[in-house]
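These are my notebook entries from a session spent looking through one protein chain. I set down each thing I looked up in the order in which I turned to it.

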Amino acid sequence: LSRSLIFCVTIKLILLIKEVLKLMTKFKRHTTEEMNNWEKKQATELAKIRASQHHLIYNLVAYVVISIIEYWLAEISKSQTLRADAFNNLSGIISTFLLMMGLHIAQDVDDDDIIGARLPSGNYQAHMGSDQRVQFVRWRYETIFSLVTAVVMVAIALSVIIDGIKSLLNPASRVVPQPVALIGAGIASVIMLVVWYMNRQTGLKLKNAALLASAQDSLSDAFTSIGTLISIGGALLFNLRWLDGATSIVVGFFILYSGLKIFFESSLNLTDYFDPRAEQEYRQTITNIPHVVKVVELKAHYNGNVVTLDASVMVNAKMTILKSFQLSEHIENVMREKFGIIDTDISFVPDPHSF
């Protein structure tokens, strides 16, 4: 009897060990797949960032050419409005350059922390979470540089407005611009419309928020140049000495509005603000997934151009660790496929009614 019992126990132990090894193998395979998926997602996002950075080079060249032409012709024609538009495009040079710097930093995928500390040596898989966190922080540099750009735009706008007011208060400085100013405004209008179209098309193709924002800025700059063209033409046509200075003030306020808008949007992103309507949609989607009793807490985050999500989900208290792990992976896949969320972290809370 004892031999039979020992034999049965031995068989059960062997089967149990085999089951444990099977689960460990399955978990290791899954973790490897997760690592590979993360590397693919990171590579895809980095490819978009590189393409966006290369595209911004054309923006930078366009802004430099326009600013030089407009400022040179403004000096010749004595047009304050054209000069203000040149400063507006100068802010475009600064914003594009800073954004390119931010995108360059976002491409750094070395296993260093932000302050330069090395991550632990060994298996990359062992510290994959740390690498993700560091990379998410790097992608926020894009937002930080956008904030710096906004501050520069506000400073330029105030300078343009003050110069325009001084001109209006001093009648002796009022002049009708020379016709050559029309050439500068016309060139700027055409080039900025081309830049807007290229930014918009590429931004939609890459699904890159930075390029789409640049497209909006380019369109605004194009309208500003068109307004400058109309203003200079009106001053020449009707011999209005005050119109040029007054329009330069309007252009200054337009730059100020654009700068403040970028400032507030970037500030909200950096303070971890997220659209509550989008969060509610995320919450409803997770709630509708089988085995989820309710979503206790949910918070979405912007990390540069990507969205990550943290959520606490209530489930049956008797759910096994394996089942909860599988459920978290299913939720992450659903959120990625439906909303393009690059990373979803799920924590579980037991349902008190299931004890």
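Which residues does Met 153 touch, if I do not count those up to four places away in sequence? I kept in mind from the start that this is a predicted model. The list I found for Met 153 is Ser 91, Ile 255, Ser 258, Gly 259 and Ile 262.

**Entry on Met 153.** I placed Met 153 in helix H4, and I noted that its relative accessibility is 7%, which is why I count Met 153 as buried, the cut-off being under 20%. I then looked up Ser 91, which stands 62 residues from Met 153 along the chain, and found that the C-alpha atoms of the two are separated by 5.7 Å.

**Entry on H4 and H7.** I went on to the helix that holds Met 153, and looked at how H4, residues 141-169, packs with helix H7, residues 241-270. Two packed helices are described by the angle between their axes and the distance between the axes, so I wrote down both: the angle is about 160°, and the axes are 7 Å apart. An angle over 145 degrees counts as roughly antiparallel, and H4 and H7 are therefore roughly antiparallel to each other. I also recorded that H4 passes H7 in a left-handed crossing. When I sorted the residues of the contact of H4 with H7 by class, I had 22 nonpolar and twelve polar residues, with no charged ones.

**Entry on H8 and H9.** I next looked at H8 and helix H9, the latter covering residues 321-339, where the packing angle is about 135° and the axes are 11 Å apart. H8 and H9 are therefore oblique to each other, and H8 passes H9 in a right-handed crossing. On the H8 side I listed Glu 281, Tyr 282, Thr 285 and Ile 286 as making the contact, and on the H9 side Ile 331, Val 334, Met 335, Lys 338 and Phe 339. By class, the contact of H8 with H9 comes to six nonpolar residues, one polar residue and two charged residues.

**Entry on positive phi values.** Most residues other than glycine have a negative phi, so I looked up the residues that depart from this. Lys 78 has a positive phi, near 60°, and I found Lys 78 in the loop between helix H1 (2-77) and helix H2 (80-106). Its relative accessible area is 54%, so Lys 78 is exposed. His 291 likewise is not a glycine and has a positive phi, of about 80°. I located His 291 in the loop between helix H8 (276-287) and strand E1 (294-303), and with a relative accessible area of 62% His 291 is exposed.

**Entry on Ile 57.** Is Ile 57 buried, exposed or partly exposed? I found Ile 57 in helix H1, and at 39% relative accessibility I entered Ile 57 as partly exposed. Met 100 is 43 residues from Ile 57 along the chain, and I noted that their C-alpha atoms are separated by 8.3 Å.

**Entry on the chain as a whole.** I closed by looking up the totals for the protein chain, which has nine helices and three strands. Read along the sequence, the elements follow the pattern α-α-α-α-α-α-α-α-β-β-α-β. Of the 355 residues in the protein chain, 42% are buried. Taking contacts between residues at least 6 apart in sequence, I noted that 76% join residues at least 24 apart. The protein chain exposes about 19300 Å², of which carbon and sulfur atoms supply 66%.

Definitions and conventions. Residues numbered from 1 in each chain as written. Predicted model: local features only at pLDDT ≥ 70, side-chain atom pairs only at ≥ 80, totals over all residues. Heavy atoms only, no water. Helix = DSSP H or I, 4+ residues; strand = E, 2+ residues; numbered from the N terminus. Buried < 20%, exposed > 50% of the residue type's maximum accessible area, 1.4 Å probe, protein only. Contact = heavy atoms within 4.5 Å. Areas by Shrake-Rupley, 256 points an atom, 1.4 Å probe, with all protein chains shown as cover. Axes fitted to C-alpha atoms, helices over the stretch in contact; angles between N-to-C directions. Parallel < 35°, antiparallel > 145°, perpendicular 65-115°, else oblique. Left-handed = near helix turned anticlockwise from the far one by under 90°. Nonpolar A, V, L, I, M, F, W, Y, C, P; charged D, E, K, R; others polar.
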